[in-house]
Every structure is written in structure tokens, then in C-alpha cells.
Amino acid sequence: MSSNLFGTAESNKRILVVDFGAQYAQLIARRVREANVYSEIVSHELDVESFADLKPSGIIFSGGPTSVNVEGAPKIDPAIYELGVPILGICYGAQLIAQQNGGSVEGNEKGEYGRTVVNVNESGILLSDFETSTQQVWMSHFDSITSPPEGAVVTASSDGSPVAVFEEPEKGLFGVQFHPEVHHTPCGQDLLRRFIYDVCGCPNDWNMASVVEASVSGIKEIVGEKKAICGLSGGVDSAVAAALVHKAIGGQLTCVFVDTGLMRAGEAQQVVDTFESTQGIELIHVKAAERFFEQLEGVVDPEQKRKIIGELFIRLFEEAAAGIEEAHFLVQGTLYPDVIESGTSEAARIKSHHNVGGLPEDMDFELIEPLRNLFKDEVREVGRELGLPDEIVKRQPFPGPGLAVRIIGEINSETVETVRAADLIVREEIDKADLEEEVWQAFAVLADIRSVGVMGDERTYARPVIIRAVTSEDAMTADWARLPHDLLERISRRIINEVEGVNRVVYDVTSKPPGTIEWE
């Protein structure tokens, strides 16, 4: 089912972000959305007919890791320039526009990286908000545009970029050598707004209220008189997806909560209580811990774990749906980061999410994924718009496969109880320190190694627990949280004293990238 059915504004205005392998492609899309205009990321390999079918109001070419002058560098169908749709190129994207439209791009003796000052020659459209003749920006390039596209005006330059900004309004071609999407370019969001509003003519009407309205309408149209079931995992995503679909089709929705035995401490009962008592949604509680442990016995490969869990989820949903007449649709809380990490034509597969890459091919359901185009913080806003309680909306992200991907090695009742007990301590201490709002995610991981320790004057040979705590806006990137040392000491002391089979606690100080938030 097309993800475009959900998430667009009533005006249906959209900006397409063309991904040339950029580090910041997702960030560009987020910045457009922060201007209250819908955006989505597409491949540079799309042909002109596909672009035309999407009916964009504007197009942004992202940066990229290569040079436009090397053999095999990603290009764009030149016919796209004839669509009459305004195009803004960023870094590599600007160089590509110049190269394909009569300009030139050459390598420099040295590149420009990091904070750079550009000189504003004339304001034009993109720089019309700027009153000073210089602006601090963030550069990251080696090649430079030495002459702009034919007919374009150079409105800004720097020591290493004779063409830092160019404009050709009649042809709808605009380019910036720096990165306006990053916070290190303070004027960047203003520049993007000028392109989005003034050049593309987009109204700033995309917000969570419009997302809910458009999604409800789309869900009603698709489901009709049939019925749907929603797999509740206990996390924010599936809860918001359930509430959104319930708003659209009411009693035609039945939620199925599969208790895998891999939930956090006390979470299974909390899910049941929340949805049965406060949301008024029909809930089927499937207690399936034994089946999951049986299927996962002896499995250590993380991709295999995810696929086993994904398939068993679907089989349990099918069994639950067998007693529901006309249960034709399966609602899932799939998010945009899930799709990106599971692999698309623009992104290599990082890991299969159980609700994306882990789904079996022979399903009896048609999928409804109303959150598929949204980032996590946007999903929380949708939840608030729908009136979900804070204990659901503010809940820390929790992977669909649960604690299975926080246990390195084999999964059994003993390893699950170990990591569950350690995880509870981490969350309790983060809460006591009043850091829940600052920390995006904090949890424990059980490693499949042993180390020597000393406890009570006796030698131990036990497993370590790894503490992972990160800060993030959308889970696409994350930084390790700088937790106070005394907090880490309390967490470590409690885990060692209270959790059997653990004799060492370590703290993960890896950002994303290069690591992922979860360990598996």
C-alpha cells in the first residue's frame, strides 16, 4: 500500500528531497517539515515520469559523498529540469545543477570544511532575510562551482567557493555550496523557508492536526466496511497507530497484544490496563512467551532473531484474527527510521526491523502503516493530538522484538530475566535523577562474554551488562548521553548487587553513526 496515502497536508503540497547518498538527506526532510511543509525522500534514480506523478511543489537535491566529475557519480535525469518545478541544490546537489546546466565544477587545492564565512554580494531571494554582508555557514566540500548555471546570478561567495550561492529564478534553479540544514549554519532555516515559501509557494499548513485529518480520511477510504487488527507492542509507535486507526474506523478495529515474554518489567500488564480501561479499544491478550522461547532456542544471529520474531508475530495475529470476520488489514506502527534502516533503494540495509524486513512474504493481511512517513518526535505529537496519556506518549522507544535484541547470544528465560532486572534499575535511576526528558533512550544490554571478577573474596566468572543511554531528536542520529558519574556509579552498584550472574558494568560511549542505538 502506498505510504503517500497518509501524512500529507490537505493542500497536498510537498517538497521532494532527492538523496544522492548524503549524510544529511533525512535532516533536510526534517527541516522542511519544521517549516510546516510535508517532505519525503526519493532516489536520484527516479525517472522524470515518476517525479511528475508525485506532483512536487519543489525539489531539493541533497549533498553526496563523491565528486560530480568522477566516473559513475550519481546523476539526475536532465528532463527533470524541464518540469517547471523549482530546484534547490545543496553542496553536491548544487554542483550537479551547475554541471548539467552550463556551469562548471572544478577541484580545489584544498577543501572547505567546518565553519566558514560567506560574503553576501546581493540578497536575491534566498538571502533576503539577511541584513549583514557576511554569514557564518557550515561547509563540507572539496570541489567548487567555478561558474554558475547559464543565466544564474552569484549572490554569495567565500574564499574557497567563488559560487557559494546562485539563483536563476526564471528557470527555477537555485544552489548553495554550504549546508543550510545543519544547526552550524544559523541562517540555514531562514534560507530554506525562502525557497519553500517564496519560490515554491507552499503554505505552512502541514502539522500534526493535518496529518491526523488526512490519515483518518485515507484509512476510512481503504478499510471501508471491513475490519482491521493492530499488533500492540507496548511502545509509542503501535499505540499511536492504534489510536489513529481507531479514530478512523472505531469498532472495526481490534487490537492484539502479543505478550512475547520479552517485555520490560511490568509492561505487559500496563499495556492491557491502558487500552482496556482508558482507550475503549477491544483488546485480545495473547500470552505467547513459551512459543517465542521455543522458536528462539539456540538462535544467536540478530537478523535471524528479528525474522523469527517478525514471522511468529504475524502467525499469532493470523490466529487471533481467525475469529474476527472480515479482518483483512493489519495495522503496524512502522516509522520512517525503520524503513530507512531496513533498506531502501537509497539506503543500504543496516538491520531488518521485525515489522519491515522481518515480515513473511505469505501474509494473509494487507498492511496499514499510517506512521510510515513520520519520525519519532512527530509520532509523539500525533499521540498528543489524539489525546493519548503521557505515560504512553512519553514512553522511551522500545524495539518490537523487545529484549531479544538486547541479549547478545542465545535467548532463554534466564538471560531475559537478567537483562530485564538490569534494565529496570537503569530506568529507575534515570527517573530518580529527573533525566527522562533529556535522555532519548536508556537501557541495559547483556553481552555474551565472561570476565573474571571478585565478589565476597571469591573469584567470579560472569557476564557484563552494558549500559546504553543516548540523546536524539528522531533516532536517525544519536549521541551518547553524558550521564553524571555519580548516577553511573549508582546504576553499576545496584546491578552488581541485585542482578545475579553479572559481575561487571560498562558504559557505551558510541554515537550513531557509526553505531546503532540498539546493539542488535
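This presentation describes the overall build of one protein chain and then looks at selected helices and residues in it.

Good morning. The structure before us is a predicted model, in which local features need pLDDT of at least 70, side-chain atom pairs count only at pLDDT 80 or more, and totals for chains, interfaces and linings use all residues. Residues are numbered from 1 along each chain as its sequence is written, and side-chain values use heavy atoms, with hydrogens and water left out.

I begin with the whole chain. The protein chain holds 14 helices and 19 strands; these are DSSP runs numbered from the N terminus, where a helix (H or I) has at least four residues and a strand (E) at least two. Its C-alpha trace spans about 75 × 65 × 40 Å along the principal axes. What radius of gyration does the protein chain have? The value is 25 Å, which agrees with the figure near 24 Å for a compact globule of 520 residues. The radius is taken over C-alpha atoms, and the globule rule is 2.2 Å times the number of residues to the power 0.38.

Next, consider burial. A residue is called buried under 20% relative accessible area, exposed over 50%, and partly exposed in between, using a 1.4 Å probe and protein chains only. By this rule, 58% of the 520 residues are buried. The accessible surface is about 21,500 Å², and carbon and sulfur atoms account for 45% of that surface. These areas come from the Shrake-Rupley method with a 1.4 Å probe, and for residues only the protein chains shown count as cover.

Contacts complete the overview. A contact means heavy atoms within 4.5 Å. Among contacts with a separation of 6 or more, 74% join residues 24 or more positions apart.

I turn now to two mostly covered helices. In helix 1, residues 25-34, 8 of the 10 residues are buried. The buried residues include Ala 25, Ile 28 and Val 32, and also Arg 30, Arg 31 and Arg 33. Just after helix 1, Asn 36 takes a positive phi of about 65°. Helix 3, residues 92-100, has 7 of its 9 residues buried, among them Tyr 92, Leu 96 and Ile 97. Gly 102, just after helix 3, has a positive phi of about 90°.

How do helices pack against one another? Two packed helices are described by the angle between their axes and the distance between the axes. Here the axes are lines fitted to C-alpha atoms over the stretch in contact, and angles run from 0 to 180 degrees between N-to-C directions.

Helix 5 (residues 208-223) and helix 6 (residues 236-249) pack at about 65°, with axes 8 Å apart. On the helix 5 side, the contact includes Val 212, Val 216 and Ile 219, while helix 6 contributes residues including Leu 244 and Val 245. The contact residues divide into 8 nonpolar, 1 polar and 2 charged. In this classification Ala, Val, Leu, Ile, Met, Phe, Trp, Tyr, Cys and Pro are nonpolar, Asp, Glu, Lys and Arg are charged, and the others, Gly among them, are polar.

Helix 8 (residues 289-296) and helix 9 (residues 302-321) pack at about 145°, with axes 10 Å apart. Phe 292 and Leu 296 are among the helix 8 residues in contact, and Ile 308, Leu 312 and Phe 313 are among those of helix 9. This contact has 7 nonpolar, 1 polar and 3 charged residues.

Finally, I compare some individual positions. Is Val 137 buried or exposed? Val 137 lies in strand 6, residues 134-147, and counts as buried because its relative accessibility is 0%. Leaving aside residues up to four places away in sequence, Val 137 touches residues including Val 118, Phe 178 and Cys 187. Its C-alpha atom is 7.2 Å from that of His 179, 42 residues apart along the chain.

Glu 221 is placed in helix 5 and counts as exposed, at 67% relative accessibility. The C-alpha atoms of Glu 221 and Ile 466, 245 residues apart along the chain, are separated by 47 Å.

Two loop residues close the survey. Lys 55, between helix 2 and strand 3, has a positive phi of about 50° although it is not a glycine, and is exposed with a relative accessible area of 64%. Asp 434, in the loop between helix 13 and strand 15, is likewise not a glycine and has a positive phi of about 55°; its relative accessible area is 64%, and so Asp 434 is exposed.

Thank you for your attention.
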